[in-house]
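Reader: I am new to reading protein models, and I would like to learn how to go from a picture to careful statements about it. Could we work through some features together, one after another?

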Amino acid sequence: MRRSLLAFLALSASQLVAGERVLTLDRVFAEPPLDGTLPREVTWLPGGASFSFLERTGSGKEVRTTLFVEDAGTGKREAVVADADLTAFGEGDTAVRPRLEGYQWSPNADALLLAGGGDLFLLDRASRKARRLTATPADEELARFSPDGRRVGFVRENDLYVLELDSGKQTRITTDGSPDRFNGKLDWVYTEEIAERGSLGYAWSPDSRSLAYITLDDGKMPRFPHVGLLQLHPTVEEQRYPNAGDPNPAVTLTIANVSPEVSGATTHTTLRWTTPNAEYLPRFGWLPGRQGVWFELLNRAQTRLELVRLEATAGATTTLLVEEDAAWINLHDDLRFLEDGSFLWSSERSGYRHLYLYTGGGRVVRQLTSGNWEVTGVEAVDEEGGWVTYTSTQAGPLTRNLYRVRLDGKGTPVRLTQEAGSHRANVAPNGRFVIDSHSRLMRPAAMIILDSEGRQLRVLAANEHPEIESFRTSTPEIVEVPGKTGATLYASLVKPIPFDPAKRYPVIVYVYGGPHSQSVQDAWVGRYGLLAQVLAGKGFLVFSIDGRGTTARGRDFERALLRRLGKIELEDQLAGVEWLKRQPYVDGGRTGIWGASYGGFMTCYAMTNAPDVFRAGVAVASVTDWRLYDSVYTERYLKLPSENPDGYRDSSPVNQADMLKGALLLIHGAADDNVHWHNTLMFADKLVKAGKPYELQLYGGATHRALRRDQRQDEWVRLVEFFERQLKP
């Protein structure tokens, strides 16, 4: 592994891509995308023999989106329907049209469930005609087919409903939904910190006769007011948001009978927890057949995770396994129950995340993977063939490759993706085919169809000449930096365009640095990488380093942050700066730093805790006081404020505002529902009290992830102008 990594480093060393044009922010934010256009919403049809995707053609008012189905083995393609062919329902201002975005196949792939204008529609595949399923003032959301395809579940105004497709009859499963009570739907903190985005709060039983759903009661949680100020009369919307130490959602799990033979819905059992080991219910689902329901319970400190089986009829529960970690447990989505009741599980108990096979009773049968590398996700289980397909860092922490390993433990893992770089796999449910999205540092992704053994069948989307190739760019160098503790840290360096080794250049450090993040990887550079290219064209070096606390390096590397945020991360950022200063082309006296979200926190922390190192910083959407951030994320690392007051105090830049020396630009969206902008306001107030100058830019209506395109471009224009003003002679 060491030789292959060094070979990779040598190959990727500073190359100027020979384009003709200079990259500008105007072009970064213009259409079409610089990294090309790939098929969107690629989805396997039931059975895994074919897949569907959306393809957009044309521009401006002539844009057309078409849904295609392609046979994975033969490549035969069928155009199912285009958005322009979808009929609007209603007239005038009340007319609604189904959208192809977010489409869902019926279990036998003869129909599509679509949404539009808050309503639901069913499109018959053969006739290509849609019919309206709902027409209500309230939105229907989180809709899913029952396994038999006869019904659709959905949530309306925080209540769970079932709709029979033949008759159109709607059955209301819950009746107590409210802004404080979520039935079958996740609230903000569960969506943001516990579940995968888009996760449901309900699940159909395999026989379509029952629903398991969770209820989240946010009644005791504090409210945060979001004030809309971009209209004549301001509006106020209250968000249920638990700060560290605040009451969390109270969770219950219910199994309801929704069989058509039963009038209404008969509740079989509702589980409530009052034990300290059951603060959160992070995952749940049905066992194969109608064996019952499984669910996970996590304590508030997030140091104990329990996997439980619930008998659907008797209501008896059995604990299958308990995971404990003195620091914290990282949740995962690698659990797979097999038809015989056994199950696949992943754990970091060895120091690295690996796969284990258990009996249905919860006894470990065998460990399937091992080594000083991480399994990053289970992609498919082929029970008939006896294989598990997964993604991992086995070839090195800077890469992602697809592997498979036998369930019976025989043999060693087989690598399926051979090309250097990173692979994001969309594996058919039975594991027979793989859609591989493969990219490298300055090479945007292409999509390739592979068979179960990794052999290329054909190219789905070559993306051969994305427009970025016509610009002068600087391929990031991947370098090894010695850390304070002796660990090797990986960093990337983008050199100016053009680059003269006899000159000394200012440097901008881009930082994120928090748990589950990785800024340095052999993968397409993405949005922030394009900004780095713009800065390189302005004569800046752009540097990033992944220190302790980031992912892909094992349990201990990440858990170095326990009970104190900022200190360890800054030590490793400073190790990177020391490495930079030893390079003859670096002007160490002109060093800037910037980041967003956790990176914004790190920027504020660095500017106040290493004030003589950084001349200028730009902090976007920053946590400045960890008492202000949400309970689930913050307590995972810092624990409760009452248990660790010193850790909260020392981790929060708001308490070190008087240490600021360099120039600082604070940026925040005034509608940020994740890191509330009063973090920035409170930090700014402390700076004023300390007599420290700063600059501030706010964006009305902008949330943590959603800024209008003109707002995002303005943000980056201000960032570039700020660094040119502060770091150049």
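Reader: How many Å should the 12 residues of helix 4 span, and how far apart are its end C-alpha atoms?

Author: This is a predicted model, so everything we say describes a prediction. At 1.5 Å a residue, the 12 residues of helix 4 (residues 526-537) should span 16 Å, and because its end C-alpha atoms are 17 Å apart, the model agrees with that expectation.

Reader: Is helix 4 mostly covered or mostly uncovered, and which of its residues are buried?

Author: A residue counts as buried when its relative accessible area is under 20%. By that cut-off 9 of the 12 residues of helix 4 are buried, which leaves the helix mostly covered. The buried residues are Gly526, Gly529, Leu530, Leu531, Ala532, Gln533, Val534, Leu535 and Ala536. After helix 4 comes glycine 539, which has a positive phi, near 95 degrees.

Reader: What do we find for helix 7 when we look at its length and its cover?

Author: Helix 7 has 12 residues, and from its first C-alpha to its last it reaches 16 Å, close to the 16 Å expected at 1.5 Å a residue. As for cover, 11 of the 12 residues in helix 7 are buried, so that the helix is described as mostly covered. Among the buried residues of helix 7 are Tyr598, Phe601, Met602, Ala606 and Met607.

Reader: Why should a student look for groups of buried nonpolar residues?

Author: The general idea is that in soluble globular proteins nonpolar side chains tend to be buried together. In this model the largest nonpolar core has 95 residues, and the members that touch the most others are Tyr190, Leu281, Phe295, Phe343, Phe543, Phe614 and Trp626. Helix 7 (residues 598-609) gives the largest share of this core, 7 residues. Another core lies apart from it, with 39 residues, including Val534, Trp594, Tyr699 and Phe723.

Reader: Which residues is phenylalanine 614 in contact with, if we leave aside its neighbours within four places in sequence?

Author: With those neighbours left aside, phenylalanine 614 is in contact with Val509, Leu570, Leu574, Val577, Thr591, Gly592, Ile593, Ala606, Met607 and Gly662. Ala606 and Met607 are buried residues of helix 7, and you can look up glutamine 573 in helix 6 (residues 567-581) in a similar way. Glutamine 573 is buried, because its relative accessible area is 4%. Apart from neighbours within four places in sequence, glutamine 573 is in contact with Val509, Val511, Ile545 and Met602.

Reader: Where does proline 444 lie, and is it buried or exposed?

Author: Proline 444 lies in strand 35 (residues 443-451), and because its relative accessibility is 2%, it counts as buried. When residues up to four places away in sequence are not counted, proline 444 touches Asp35, His438, Ser439, Asn463, Pro466, Ile468 and Trp524. One of these, asparagine 463, is 19 residues away along the chain, yet the C-alpha atoms of the two are separated by 7.6 Å.

Reader: Which residues make a nonpolar patch on the surface?

Author: Val227, Leu229 and Val236 make a nonpolar surface patch of about 290 Å². Valine 236 is in strand 18 (residues 235-240), and it counts as exposed because its relative accessibility is 59%.

Reader: How many salt bridges does a search of the whole structure find, and how should I read a single one?

Author: The search finds 53 salt bridges, and for a single one you can ask about the distance, the places of the partners and their cover. Aspartate 180 forms a salt bridge with arginine 223, with the closest N and O atoms 2.6 Å apart. This pair links distant parts of the chain, 43 residues apart, since aspartate 180 is in the loop between strand 13 (170-172) and strand 14 (181-183), while arginine 223 is in strand 17 (residues 223-228). Aspartate 180 is partly exposed because its relative accessible area is 21%, and arginine 223 is also partly exposed, at 29%.

Reader: Which salt-bridge partners are buried?

Author: Glutamate 348 and arginine 353 form one such salt bridge, their closest N and O atoms being 3.2 Å apart. Glutamate 348 is buried at 10% relative accessible area, and arginine 353 is buried at 8%. Arginine 559 and glutamate 558 also meet through their side chains in a salt bridge, at 3.6 Å from N to O. Arginine 559 is buried at 7%, and glutamate 558 is buried at 4%. Through shared partners, salt bridges join Asp325, Glu348, Arg353, Arg555, Asp556, Glu558 and Arg559 into one network.

Key: Residues numbered from 1 in each chain as written. Predicted model: local features only at pLDDT ≥ 70, side-chain atom pairs only at ≥ 80, totals over all residues. Heavy atoms only, no water. Helix = DSSP H or I, 4+ residues; strand = E, 2+ residues; numbered from the N terminus. Buried < 20%, exposed > 50% of the residue type's maximum accessible area, 1.4 Å probe, protein only. Contact = heavy atoms within 4.5 Å. Patch = residues over 30% accessible without salt bridge, like charges linked within 9 Å, V, L, I, M, F, W, Y side chains within 5 Å. Areas by Shrake-Rupley, 256 points an atom, 1.4 Å probe, with all protein chains shown as cover. Salt bridge = Lys/Arg side-chain N within 4 Å of Asp/Glu carboxyl O. Core = buried A, V, L, I, M, F, W, Y, C linked by side-chain atoms within 4.5 Å. Expected span 1.5 Å × (residues − 1).
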